[in-house]
Amino acid sequence: MRTESEAERVPDGLADIAGFEYHHFPITEGSGVPESLEAVPTMYMDIAAAENMPNVLKAVAEARDGVLFHFTAGKDRTGVVSAIILMACGADRDSIVNDYVVSREYNKKRLSAFLASHPEVDRETVLANERSIDIFIDLFTDRFGSVEGYFDQIGLSSHHLEAIRCKLTGQ
């Protein structure tokens, strides 16, 4: 789901592995540094409404086996897709927030290197923090009502939603 330039700069090592089905659905929304901490949840809503988001979720729903999805940093776009999938599976809010925040640990080295080379960037805007994803969940619920409403609004059927739930929960 990385942009064309992100994929060209660092090609995906899994794309050419036999037996691995590779899909590239670029999502440009959320690919840059947010202008402020307050702008992060709104940027996340832009990611949720991205033109390729239905393709992403359809690919997850229709995958024969497991699915690996990623972006460049693994926080903003990855966090939104993860949050939507977790909401689809009925995860509670605390679990969704905790899943998102754990990327602080996994991205510690990358974040330090990025901030060292971009001292003008406010550290808080690029950290995974509880408030950003929590406000995103509120905005998502206000706009779509539920994950079912979201799937309907982006043109996916209840079949796709149920396939994701079944795949990840076994129910």
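User: Hey, is C166 buried or exposed?
Analyst: In between, actually: C166 has a relative accessible area of 41%, so it counts as partly exposed. Keep in mind that this is a predicted model.

User: And how accessible is C89?
Analyst: C89 comes out at 22% relative accessibility, so that one is partly exposed too.

User: OK, so how many disulfides are there in the whole structure?
Analyst: Zero, after searching the whole structure.

User: Why does C89 not have a bond to C166?
Analyst: Because the two sulfurs are too far apart: the closest cysteine sulfur to that of C89 is in C166, and it sits 9.8 Å away. A disulfide needs the sulfur atoms within 2.5 Å. From the other side, C166 is in no disulfide, and its nearest cysteine sulfur is that of C89.

User: Switching topic. What's the volume of the largest pocket?
Analyst: About 590 Å³.

User: Which residues lie nearest its centre?
Analyst: Those are E21, Y22, H23, V67 and L68, out of 23 residues that line the largest pocket.

User: What sort of residues make up that lining?
Analyst: It's a mix: twelve nonpolar, six charged and five polar.

User: One more spot. Where is D76?
Analyst: D76 is in helix α4, which covers residues 76-88.

User: Buried or exposed?
Analyst: Buried, because its relative accessibility is 11% and the cut-off for buried is under 20%.

User: What is D76 in contact with?
Analyst: Not counting neighbours within four places in sequence, D76 is in contact with G30, M43, Y44, I47 and Y100.

How values were computed: Residues are numbered from 1 along each chain as its sequence is written. This is a predicted model: local features need pLDDT of at least 70, side-chain atom pairs count only at pLDDT 80 or more; totals for chains, interfaces and linings use all residues. Side-chain values use heavy atoms; hydrogens and water are left out. Buried means under 20% relative accessible area, exposed over 50%, partly exposed in between (1.4 Å probe, protein chains only). On a 1 Å grid over the protein atoms alone, a cavity is a set of points where a 1.4 Å probe fits but cannot get out, and a pocket is an open set with protein on both sides within 12 Å along at least five of seven lines; lining residues have an atom within 4 Å of a point. Grid points are joined across faces, edges and corners, and a volume is the space filled by probe spheres set on the points. Ala, Val, Leu, Ile, Met, Phe, Trp, Tyr, Cys and Pro count as nonpolar, Asp, Glu, Lys and Arg as charged, and the others, Gly among them, as polar. Helices (H or I, at least four residues) and strands (E, at least two) are DSSP runs, numbered from the N terminus. Contact means heavy atoms within 4.5 Å.
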